[in-house]
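Colleague: I should like to request a close look at one part of this protein. Please describe its aromatic pairs and then place them in the context of the whole chain.

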Amino acid sequence: MVGLYGNGIELTEKMLDFLWSRQTLTLNNITNVDTPGYKSRYMTFEEELQKRIQSASGAERPKTAVTQAIGSTHATIHITRDESTRLDGNNVDMDQEQVELVRTAYEYQYMLASINSDLKRLQNAAKTF
């Protein structure tokens, strides 16, 4: 599919994987809201993905390099070390986690709509032959 849509489908697939992992991590934080000493976690991947794609764009064979850059990008999980206002040392902020949960769900739905649109265009183009 690289020839038809460039790297769009591969990038969308990778984003869906990352967003699914972020959703799981957020749900894990919510699950541990009452665990004494638990420190909330968050995931980043956008910046690394952007850097890798930008550096690969200048390569001799940019489509292949960008595809490899997309495939080799990994998410980073960070532990929030902010001080807790709770006596048990837990620093999970339920309001923040719920906002993150909804935001990630919307991003995931957007990416699904994007890939569905790409595949429908491909299907419509194939019908004309």
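Modeller: The answer below takes the aromatic pairs in turn and then turns to the chain as a whole. Please keep in mind that this is a predicted model.

The structure contains 2 aromatic pairs. One of them is formed by Phe18 and Phe45, whose ring centres are 4.3 Å apart and whose planes meet at 25°. Planes under 30 degrees apart count as stacked, so the pair of Phe18 and Phe45 is a stacked one. Phe18 belongs to helix α2, which covers residues 8-31, while Phe45 sits in the loop between β1 (41-44) and α3 (46-57). With their positions 27 residues apart, the two rings link distant parts of the chain.

How accessible are these two residues? Phe18 has a relative accessibility of 6% and therefore counts as buried, since the cut-off for a buried residue is under 20%. Phe45 is buried as well, with a relative accessible area of 1%.

Trp20 and Tyr108 form an aromatic pair too, and theirs is tilted: the centres are 5.9 Å apart, with 50° between the planes. This pair also links distant parts of the chain, as Trp20 lies in helix α2 and Tyr108 in helix α5 (residues 94-127), 88 residues apart. Helix α2 thus contributes Phe18 to the stacked pair and Trp20 to the tilted pair.

As for accessibility in the tilted pair, Trp20 reaches 55% and so counts as exposed, because the cut-off for exposed is over 50%. Tyr108, at 23%, counts as partly exposed.

The wider setting is as follows. The protein has 5 helices and 2 strands, arranged along the sequence in the pattern α-α-β-α-α-β-α. Its C-alpha trace spans about 65 × 35 × 15 Å along the principal axes. The radius of gyration is 19 Å, whereas a compact globule of 129 residues would have one near 14 Å.

Of the 129 residues, 29% count as buried, and Phe18 and Phe45 are among the buried residues. The protein exposes about 8500 Å², of which carbon and sulfur atoms supply 56%. Among contacts with a separation of 6 or more, 76% involve residues 24 or more positions apart. Finally, there are 14 positive and 17 negative side chains, and the centres of these two sets lie 7 Å apart.

Definitions and conventions
Residues are numbered from 1 along each chain as its sequence is written. This is a predicted model: local features need pLDDT of at least 70, side-chain atom pairs count only at pLDDT 80 or more; totals for chains, interfaces and linings use all residues. Side-chain values use heavy atoms; hydrogens and water are left out. Rings of Phe, Tyr and Trp (its six-membered ring) pair if their centres lie within 6.5 Å; planes under 30 degrees apart count as stacked, over 60 as edge-to-face and the rest as tilted. Helices (H or I, at least four residues) and strands (E, at least two) are DSSP runs, numbered from the N terminus. Buried means under 20% relative accessible area, exposed over 50%, partly exposed in between (1.4 Å probe, protein chains only). The radius of gyration is taken over C-alpha atoms; the globule rule is 2.2 Å times the number of residues to the power 0.38. Contact means heavy atoms within 4.5 Å. Accessible areas come from the Shrake-Rupley method with a 1.4 Å probe; for residues, only the protein chains shown count as cover. Lys and Arg count as positive and Asp and Glu as negative; His and the chain ends are not counted. The place of a charge is taken as NZ of Lys, CZ of Arg, CG of Asp or CD of Glu.
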